[in-house]
Amino acid sequence: MRLGDLMKATNNFSKDHIIGSGSTGTMYRAVLEDGTSLMVKRLQDTQHSEKEFASEMATLGNVKNRNLVPLLGFCVAKKERLLVYKHMPNGTLHDRLHLVNEGDKSMDWPLRLKIGIGAAKGFAWLHHNCNPRIIHRNISSKCILLDVDFEPKISDFGLARLMNPVDTHLSTFVNGEFGDLGYVAPEYARTLVATPKGDVYSFGVVLLELVTGERPTYVAKASDSFKGSLAEWITELSSNSQLQDAIDNSLVGKGCDAELFQFLKVACNCVVPAHKERPTMFEVYQLLRAIGERYNFTTDDEILMPSDSSNADFIEELIVAREVKANH
C-alpha cells in the first residue's frame, strides 16, 4: 500500500488517531477515501531490508485464524515500515477492562470468559498448530483487540522477529526489550530468551486482569504497604489462603462463583515462577474451554492436540473443571 494514502488516512499519523502503542510501535485508526476503516501499525525502527521485510510480510499474511487480527497489507518507504490491519471497532481489551474510555460499562463475567477462551484459542493455535510456530513474546491486554461482537483478535503476532535481525526459534527480545511491564516472566531477566512458557506467563497476567479487574502493575485493592505487581499480589494472597479476595467484587454473587475460582486457579498456574510447572498454551485453552462449556462459546475445535500434552496433572485439572460445570 502507498505511504501517501496511509498518511492521509491517519491525518499524517495524528495523535488523535492513536489506538495504542507498545514496544513494537504505534497503532493508528485509519479511514480511506472510500470510507473504509483500517488500523495502521507504524513499526519502531527495524533492521530488515525491504526485501527481507516483504518476505516476512508474505509469511505473516498467510497466518490466518479466527482469533487473529487479519493483516491486509503493508508499506515500505525509506525508513517507514507500516502494517495494515482490519479495523476492530471495540478497541483493546485493556481499554475495555480498565474503562479507559468515558461511557464504557464494566464487562460482565460471561463476556470476560468468552474473551479469555477465544484469546487462549488463538495463542494455542500460534504455539501448537501454526506453521511456522509463533511465540508472541509481547502478550498483554493491549494486544488483544475486540471486533464488533467482542470476539477477541490477537495483534502483533510475528512482529518480534521483524524487530530483531537474529532469526532463531528462541531468539532474544528486541535489544533487551522487556515487553510491557507486569507481563514479563521472571526467568526472562536471567536468560533474555523468549520461550512458549514465557508467553504462558504473560497470558496468565491477562487472565488475572480479566478475573480481578486489576491492572498488571498496580493493584488498587491491595493494602497501601503492597507495592508489587498483580502476579506478586496473587502469589501473596495464595500463600495466605486468601485467593478468593482477588476476584472482582462486581462479578461475585451472581451464580458464577465456582467458575470464577476455577478461572483464577488456571491463571495462577500460568504465573508460577518455575516455568516448567506452567501449563502449555494448549492446556490453558482446554481448561478454560471446560469452564465455559455451558455458554457454547466455542465453534468446532480446530486446535489439534500437540504430542506433548499427556500431562497427568493437566488431565486431572480438566476433570475438576468439568465437575464444576456439571454442578451448575
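**Reading the calls made on this structure**

Q: In which helix does Ala9 lie?
A: Ala9 belongs to helix H1. The structure is a predicted model, and the protein chain has eleven helices and seven strands.

Q: What makes Ala9 count as buried?
A: The relative accessible area of Ala9 is 5%. Buried means under 20%, so Ala9 is called buried.

Q: Which residues does Ala9 touch, not counting residues up to four places away in sequence?
A: Ala9 touches His17, Arg29, Ala30, Val31 and Leu32. Each of these is called a contact because heavy atoms lie within 4.5 Å. As for Val40, the C-alpha atoms of Ala9 and Val40 are 9.2 Å apart in space, with the two positions 31 residues apart in sequence.

Q: Why is the pair of Glu33 and Lys8 called a salt bridge?
A: The N to O distance between the side chains of Glu33 and Lys8 is 2.6 Å. The cut-off is 4 Å between a side-chain nitrogen of Lys or Arg and a carboxyl oxygen of Asp or Glu, so the pair qualifies. Side chains of opposite charge can pair when their charged atoms come close.

Q: What does the pair of Glu33 and Lys8 tie together?
A: Glu33 lies in the loop between strand E2 (25-31) and strand E3 (37-43), while Lys8 lies in helix H1 (residues 3-9), so the salt bridge joins parts that are 25 residues apart in sequence. Are these residues buried or exposed? Glu33 and Lys8 are exposed.

Q: How do you know that Arg112 and Asp248 form a salt bridge?
A: Their closest N and O atoms are 3.1 Å apart. That value is within 4 Å, so the pair is counted. This salt bridge links distant parts of the chain, with Arg112 in helix H4 (residues 109-129) and Asp248 in the loop between helix H8 (230-239) and helix H9 (257-270), 136 residues apart. Both Arg112 and Asp248 are buried.

Q: What makes Arg278 and Glu187 a salt bridge?
A: The closest N and O atoms of Arg278 and Glu187 are 2.8 Å apart, and the limit is 4 Å, so the pair is accepted. Arg278 sits in the loop between H9 and helix H10 (281-291), and Glu187 in the loop between helix H5 (159-162) and helix H6 (188-191), 91 residues apart. Arg278 and Glu187 are buried.

Q: How many salt bridges are there by this rule?
A: The count comes to nine.

Q: Why is the pair of Trp109 and Phe263 called edge-to-face?
A: A search of the whole structure finds four aromatic pairs. In one of them, the ring centres of Trp109 and Phe263 are 5.0 Å apart and the planes stand at 90°. Centres must lie within 6.5 Å, and planes over 60 degrees apart count as edge-to-face, so the pair earns that name. Trp109 lies in helix H4 and Phe263 in helix H9, so the pair ties together parts that are 154 residues apart in sequence.

Q: How do you know that Trp109 and Phe263 are buried?
A: Trp109 has a relative accessible area of 3%, and Phe263 has 0%. These values are under 20%, so the two residues count as buried.

Q: What makes Arg42 a charge over the ring of Phe13?
A: Arg42 lies over the face of Phe13, at 4.2 Å from the ring centre, and the distance limit is 6 Å. The charged end of Arg81 likewise sits over the ring of Phe53, 5.6 Å from its centre.

Q: Why is Leu97 called buried?
A: Leu97, in helix H3 (residues 93-97), has 9% relative accessibility. This is under 20%, so Leu97 counts as buried. Leaving aside neighbours within four places in sequence, Leu97 is in contact with Met107, Arg112, Glu209 and Leu210.

Q: Why does Cys270 have no bond to Cys268?
A: The sulfur of Cys270 is 9.0 Å from the closest cysteine sulfur, in Cys268. A disulfide requires sulfur atoms within 2.5 Å, so the distance is too far for a bond. The search of the whole structure finds zero disulfides. Cys270 is buried, at 0% relative accessible area.

Q: What percentage of the protein chain do buried residues make up?
A: Buried residues make up 53% of the 328 residues.

How values were computed
Residues numbered from 1 in each chain as written. Predicted model: local features only at pLDDT ≥ 70, side-chain atom pairs only at ≥ 80, totals over all residues. Heavy atoms only, no water. Helix = DSSP H or I, 4+ residues; strand = E, 2+ residues; numbered from the N terminus. Buried < 20%, exposed > 50% of the residue type's maximum accessible area, 1.4 Å probe, protein only. Phe/Tyr/Trp six-rings, centres within 6.5 Å; stacked < 30°, edge-to-face > 60°. Lys NZ or Arg CZ within 6 Å of the ring centre and 35° of its normal.
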